[in-house]
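Open your viewer, switch on the cartoon, and keep the selection box handy. We will go from the strands to the side chains, one stop at a time.

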Amino acid sequence: KGSATYYYLANGLEKMVARLSNETNSSVIEYYFLDGKLSFIYDITTKTDTNTKTERRWYMKGNSIFRGIGNNGIKLTQEEMEAEFFGENGWGGAFNLYQEILGL
């Protein structure tokens with residue numbers, strides 16, 4: 001299941017919140033825009049079967065990610081950022097989900 005909520009200001013889209021859930025996970029991903037471009041993503045995923053929570057923050061400029069922060073404020077490596085941000089084999093990941101939502 002999933003839903004998306006959009007928040008607009010006079011200058012356009014300011015924020016988008018995606019809520020997703022299945023049998024084992026639930027996620028809330030917040031997408032923030034600056035001057036009409038994606039600038040920050042905050043992702044909280046909870047594994048319902050183990051009751052564990054993962055937080056990720058991605059900072060962007062244009063379509064490039066320049067910083068990723070994981071649980072407890074730990075900076076993600078370049079490999080971790082790409083794997084979690086873009087997903088595996090083009091599936092999953094906060095950015096790929098964003099692109100899917102835009103295509104709806």
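Before the first selection, one term: helices (H or I, at least four residues) and strands (E, at least two) are DSSP runs, numbered from the N terminus. Two strands count as paired if DSSP finds at least two bridges between them. What you are looking at is a predicted model, in which local features need pLDDT of at least 70, side-chain atom pairs count only at pLDDT 80 or more, and totals for chains, interfaces and linings use all residues. Residues are numbered from 1 along each chain as its sequence is written, and side-chain values use heavy atoms, with hydrogens and water left out.

**Stop 1: the hairpins**

Select residues 25–34 and 37–47. These are β3 and β4, an antiparallel pair held over ten bridges. Look for Y31, whose bridge partner in β4 is I41. In the two-residue link of this hairpin, D35 has a positive phi near 55 degrees.

Now add residues 52–61, which are β5. β4 and β5 run antiparallel too, with eight bridges, and T45 sits opposite T54 of β5. Their hairpin leaves four residues between the strands, and in that turn N51 shows a positive phi of about 55 degrees.

Next comes β6, residues 64–69, which pairs with β5 in the antiparallel sense over five bridges. Find W58 facing G68 in β6. Two residues separate the strands of this hairpin, where G62 adopts a positive phi near 65 degrees.

**Stop 2: E55**

Stay on β5 and show the side chain of E55. Is E55 buried or exposed? E55 counts as buried because its relative accessibility is 17%, where buried means under 20% relative accessible area, exposed over 50% and partly exposed in between (1.4 Å probe, protein chains only).

Which side chains make polar contacts with that of E55? Y42 does so at 2.6 Å, and R57 at 3.2 Å. A polar contact here is a pair of N or O atoms within 3.5 Å; within protein, one must be able to donate a hydrogen and the other to accept it, and residues adjacent in sequence count only if both atoms are side-chain atoms.

**Stop 3: the core**

Finally, select Y31, L38, I41, W58, F85 and Y98, the residues with the most contacts inside the largest nonpolar core, which has 18 residues. Such a core is a set of buried Ala, Val, Leu, Ile, Met, Phe, Trp, Tyr and Cys residues joined through side-chain atoms within 4.5 Å. Its largest share, five residues, comes from α2.
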